[in-house]
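Okay, thanks for staying on, everyone. I'll walk you through one structure today, so let me get it up on the screen.

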Amino acid sequence: MAEQDLSFNGEEREEIEKITSRFPNNKAATLQVLWVAQRKFGHVKPEVQKLVARTLDLPEAHVHGVASFYTQYYKEETGRFVLDVCTCLSCQLCGGYEILHHLEDRLGISAGETTDDGMFTLQEVECLGACGYAPMLQVTNGPYVNKLTTEKVDRLLENLRNGQTPEFESMAMPHLEKRNQAAT
Amino acid sequence: MADDWRSYEPKLIPDIPDLHKIGVYEENGGYRALKAVMQDSDWSREKVTNEVKAANIRGRGGAGFNCGLKWSFMPDPDGGPRYLACNGDESEPGTFKDRKLFEFNPHLFLEGALIAAYAMQVSTIYVYIRGEYLDYGKIFEKAVAEAYSRGYLGEDILGSGEDIELHTVYGAGAYICGEETAMLESLEGKRGYPRVKPPFPAQKGLWGRPTTINNIETLANVPLVINNGADWYSSIGAEGHPGPVLYGISGHVNRPGVYELPTGVPVLDLINEVGGGVRGGKDLKAVIPGGASTPVLRADQLEGVSMDSESMREAGSLLGTAGMVVMDEDTDMVEVLWRIAHFFHHESCGQCTPCREGTGWLEKILIRIKEGEGEIKDLDLLLDLTTQMEGRTICALADAACWPVRHTITRFRDEFEARCKQSAHALA
């Protein structure tokens, strides 16, 4: 999309105004408005960063500095689904790398790449804070898929190809009874 | 701590269906503490702070500082804005507890944050949630909307004349933003570069104004103290580090997850009974007690060690966030340490040279060792590097990167030496 065609619509402008009203100045809204932009455009490439800067009346350099600092902003276009596979400590111990390599095999790409059909971008990421449910991955800044096995990964890919994104999965607290049973 | 953890009833996240809904929370005594402090003139701001101080709630974000004491550092109001910033940016490997509060008992944390705001005369609260936790954030935002609709938040709360606003803000993927001053920078819409202290946030925090930063779980303890008193609270768990704790157990255990128990549970009970023992009937090799930065302990160092700061310090480690990572006998400590070093290198913000360069060197040397190119002298080089980095940076990320290196190498030196001796260099 050409730079001059990029814009926020009325609804998004309203959302941005709501965001800026929470802070004493526009600069503070930078991260939150980058999120709005990424939801709309799917990424925050330099032209999107310029739009955010224009909208908030901030220097482009500031917005670029912020966008490049945080890993969750996509600085280039991604596949339709981004698979963020955690390989950090607990996931490493529980097979995170096996999951990552299985996905590389299945998708025919290496971590950091996008499939030719534009369907999947695969990434190796740092701790996602789901250590007790390792190994796990996150789909496009959205739902977590926990306690992965290679079979579960294959099912996930099939579902995603059919347009079905996973639901929010609640990982319940273990029951007290279980603890008491364990103690006896 | 004796064996009474086995009969403990959860208080932070009791097993009540739909507790995240405000009606269910209220039916179970929710917002009673907030009503008390807002409506009962006996609960002055000073009394709230003193009660929290006396209860000795120690910060659950890892540092373990007395929460009430921290509140008391806020200067007297001067008519300008003052802030409470709630830290929900957990992202140290092994730590995954705050998301449980957001999902299962968001009102408890919210009530604690409101009481904190009352005590410190704060009228704006920011809740900073890591960007990856969007799902949990949505659940929390719903709780916030419910609290506004019932008059617990907003103008003239419960007819008390207090006005408190609360805003939920999302990070975007940066471990450093869990560091309190980096979080302030991020809340101000900037890169998460930690600030030089002093001035401390209580003097100059958000936009140069007095600000207190508390962890989500720390604040969830506050209503318990108001409802039951400081004596009741400090009688739970370990002396000197009391109260309920959300323990994260991950790695090679049969039943990983988040468990609520008192402080001071013996480490071996947590692994063998709570976590269901080591997976596959294997022997235990090592434990990282409280997030990746806390020094690893060998299995033979764990006898009699319990999950509180004093016992952990005696054992040569730290309680941190109580996010325990368990490793079985087959674990390759060289691989583990390399992955931890990779994490800290990736997450260094790059502001201070010793950390930006040093974390990279640590990782590079560990890659060399792991790939069979290491020499024995590399181990001493690593240890030397940690002394060059530690204490020479604005924030503690460099220290956090150094502790695992130093302690994993000293506590598993044989394993590292064996790997170096296998290398091509050793043959020359």
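So, in what order do the elements of chain A run from the N terminus on? Keep in mind while you look that this is a predicted model. Going along the chain, you get α-α-α-α-β-α-α-β-β-β-α-α. Added up, that gives chain A eight helices and four strands.

Now the overall picture for chain A. Along the principal axes, its C-alpha atoms fill a box of roughly 65 × 45 × 30 Å. Chain A has 184 residues, and 54% of them count as buried. As for contacts, if you take those in chain A with a separation of 6 or more, 61% come from residues 24 or more positions apart.

What about the surface? The accessible surface of chain A is about 8500 Å², and carbon and sulfur atoms make up 44% of that. On charges, chain A carries 18 positive and 27 negative ones, and the mean positions of the two sets are 5 Å apart.

Okay, on to the backbone, cis peptides to begin with. Where in chain A does A:Pro135 sit? You'll find A:Pro135 in the loop between strand 2, residues 120–125, and strand 3, residues 137–139. The bond joining A:Ala134 to A:Pro135 is cis, with omega at about -10°.

Over in chain B, there's a cis bond from B:Lys197 to B:Pro198, and omega there is near -5°. B:Pro198 is in a loop as well, the one between helix 8 (180–187) and strand 4 (211–215) of chain B.

Last stop, phi angles, still in chain B. B:Asp18 isn't a glycine, yet its phi is positive, about 60°. If you're hunting for B:Asp18 on the screen, look in the segment before helix 1, which covers 22–27. Is B:Asp18 buried or partly exposed? Its relative accessibility is 39%, so B:Asp18 counts as partly exposed.

Then there's B:Asn56, another residue that is not a glycine but has a positive phi of about 60°. B:Asn56 lies in the loop between helix 3 (45–55) and helix 4 (67–72) of chain B. And how does B:Asn56 come out on accessibility? With a relative accessible area of 21%, B:Asn56 is partly exposed. Buried means under 20%, so at 21% B:Asn56 goes down as partly exposed.

That's my tour. Happy to go back to any of those spots on the screen.

Terms used. Residues are numbered from 1 along each chain as its sequence is written. Chains are lettered from A and ligands numbered from 1 in the order in which they are written. This is a predicted model: local features need pLDDT of at least 70, side-chain atom pairs count only at pLDDT 80 or more; totals for chains, interfaces and linings use all residues. Side-chain values use heavy atoms; hydrogens and water are left out. Helices (H or I, at least four residues) and strands (E, at least two) are DSSP runs, numbered from the N terminus. Buried means under 20% relative accessible area, exposed over 50%, partly exposed in between (1.4 Å probe, protein chains only). Contact means heavy atoms within 4.5 Å. Accessible areas come from the Shrake-Rupley method with a 1.4 Å probe; for residues, only the protein chains shown count as cover. Lys and Arg count as positive and Asp and Glu as negative; His and the chain ends are not counted. The place of a charge is taken as NZ of Lys, CZ of Arg, CG of Asp or CD of Glu.
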